[in-house]
Amino acid sequence: MLRTRFAVAALLGVALTAVAGGQDRTFTLKFKDDKGALVPFYQEMSTEVTQHIKVQGQDLPQQQKSTFWYAWTPVKEDKVKEGTEDVAKWTLKEKIEGLKMDIDISGNPIKYDSRTPDAPGSAGNPGLVEFFKSLKDSEFTVTLGKNYKVEKVDGKEDFIKKLVAGSPQMDALLKKVMTDDALKEMTDPTYKLLPEGPKKKGDKWERKTSLNLGPIGSYELTYKFTYLEPDKEGDKKDFDKIEVETAISYTAPKETTDGLLFRIKDGSKLTSDPSGSKGVVYYDPKAQRIAEATINIKLRGDLIVVIGGTDTKVELTQEQKTTIKTADTSFLAPPKAPTAPTPPKS
């Protein structure tokens, strides 16, 4: 726990001086219990997206709400030598336990919930609903290296095969969009929100990453962090608090998009709005994990989309809020049955 050390010196009762100094926090992830046994952990990621799209003077509003539930199972730890440094590499299994989607495209709703897949409203778009169904129970094997960086992900081929369901067009799109970069982002248990070294209260730092989505284009992301004072009260007062601002810039794809129905043209531009792109991360030093994080991103810009040889200008404003939670038990675990009251003694 971040502590402040006070040295109090009293010299002949004349002076009383307090000297404060911050002690660095090392942000680690805990994959074993106190007895050394590997223990699973679970995550819930909820995202709300509001898009305002304007095409040829016509407004096309879209709203999306999604929740994914993940189960993480540590498999093994390997100690390796990298230069003069001893590095722990972890192998984990990630499973998509379930998901919930609520999409509204210009007044046309599409709903899906893996917990009740045949509920009313889940047949709004049969093809898309089948795609959602295929996501459930997908698994990946993830290798983490130094600073918990995702070095390798196994399971990509089986994942794509499961999703395309014999559709050549979907197969071509996913093979282009599901790049190694995209898969590593999708299977990062830290979401790149943890610092790569020790930090103390008041520290500021940046972390840059890129995301290549093939024919969709690429994104350059810069996370700007500030280590803040913890909350003074509430259920997060014992957690370390980190503010994060996300800066994003977009570049149109350079590669060919043969076989696809669209192409995003060079000159398209999307940038983030700093005022709407702030969030907060709460790190639990006792459990050694991100207890909860909220990331807000506001994007705006213009895209030039080529469909059938015709250039179409698309004006886009998007607001996105993502909330991440981590727990020892599955978020899909059924609630405990209420305990019957003890009958009074006669």
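A residue is counted here as buried when its relative accessible area is under 20%. By that criterion Tyr112, with a relative accessible area of 4%, is buried. The model under discussion is a predicted one, and the description below begins with its aromatic pairs, then turns to a strand and its neighbours, and ends with a pocket and a cavity.

Phe132 is likewise buried, at 5% relative accessibility. A search of the whole structure finds 13 aromatic pairs. Among them is that of Phe31 and Phe41, whose ring centres are 5.9 Å apart; the planes meet at 20 degrees, so the pair is stacked. This pair links distant parts of the chain, ten residues apart: Phe31 belongs to the loop between strand E2 (15-22) and strand E3 (41-55), while Phe41 belongs to strand E3. Both partners fall under the 20% limit for burial, since Phe31 has a relative accessibility of 3% and Phe41 a relative accessible area of 9%. Tyr112 and Phe132 make a pair with another geometry: their ring centres lie 6.0 Å apart and their planes stand at 35 degrees, so the pair is tilted. Because Tyr112 is in strand E6 (residues 108-113) and Phe132 in helix H1 (residues 126-135), the contact ties together parts that are 20 residues apart in sequence. Ring pairs also build a cluster, made up of Phe31, Phe41, Trp72, Trp90 and Tyr148.

Tyr148, a member of that cluster, deserves a second look for its backbone. Most residues other than glycine have a negative phi. Tyr148, which is not a glycine, has a positive phi of about 60 degrees. The residue is placed in the loop between strand E7 (139-144) and strand E8 (150-154), and its relative accessibility of 17% means that it counts as buried. Tyr191 offers a further example, with a positive phi near 55 degrees in a residue other than glycine. Its position is in the loop between helix H4 (180-186) and strand E9 (204-212). Tyr191 counts as buried too, at 17% relative accessibility.

Attention now passes to strand E14 and its partners. Strand E14 (residues 278-284) is largely enclosed by the rest of the structure, because six of its seven residues are buried. Strand E11 (residues 240-251) pairs with E14 in the antiparallel sense, over six bridges; in this pairing Val244 stands opposite Gly279 of E14. Strand E15 (residues 289-307) also runs antiparallel to E14, and five bridges join the two. Asp284 has Arg289 in E15 as its bridge partner. The hairpin of E14 and E15 has four residues between the strands, and there Gln288 takes a positive phi near 60 degrees. In a separate contact involving an aromatic ring, the charged end of Lys236 sits over the ring of Tyr282, at 5.5 Å from the ring centre.

Which residues lie nearest the centre of the second largest pocket? They are Phe27, Thr28, Lys146, Asn147 and Tyr148, out of a lining of 21 residues. Tyr148 thus takes part in both the ring cluster and this lining. The space in the second largest pocket comes to about 380 Å³. Strand E4 (58-82) and strand E5 (85-105) each supply at least two residues of its lining, and E5 gives the most, with five. By class, the lining of the second largest pocket holds eight nonpolar, six polar and seven charged residues.

Enclosed space is a separate matter. One cavity of 30 Å³ or more is found in a search of the whole structure, and the largest cavity has a volume of about 30 Å³. Its lining consists of Gln43, Tyr70, Trp72, Glu94, Met186, Thr187, Asp188, Pro189 and Tyr191. Five of these residues are nonpolar, two are polar and two are charged. Two residues met earlier return in this lining: Trp72, a member of the ring cluster, and Tyr191, with its positive phi near 55 degrees.

Key:
Residues are numbered from 1 along each chain as its sequence is written. This is a predicted model: local features need pLDDT of at least 70, side-chain atom pairs count only at pLDDT 80 or more; totals for chains, interfaces and linings use all residues. Side-chain values use heavy atoms; hydrogens and water are left out. Buried means under 20% relative accessible area, exposed over 50%, partly exposed in between (1.4 Å probe, protein chains only). Two strands pair if DSSP finds at least two bridges between them. Rings of Phe, Tyr and Trp (its six-membered ring) pair if their centres lie within 6.5 Å; planes under 30 degrees apart count as stacked, over 60 as edge-to-face and the rest as tilted. A charge sits over a ring if NZ of Lys or CZ of Arg is within 6 Å of the ring centre and within 35 degrees of the ring normal. On a 1 Å grid over the protein atoms alone, a cavity is a set of points where a 1.4 Å probe fits but cannot get out, and a pocket is an open set with protein on both sides within 12 Å along at least five of seven lines; lining residues have an atom within 4 Å of a point. Grid points are joined across faces, edges and corners, and a volume is the space filled by probe spheres set on the points. Ala, Val, Leu, Ile, Met, Phe, Trp, Tyr, Cys and Pro count as nonpolar, Asp, Glu, Lys and Arg as charged, and the others, Gly among them, as polar.
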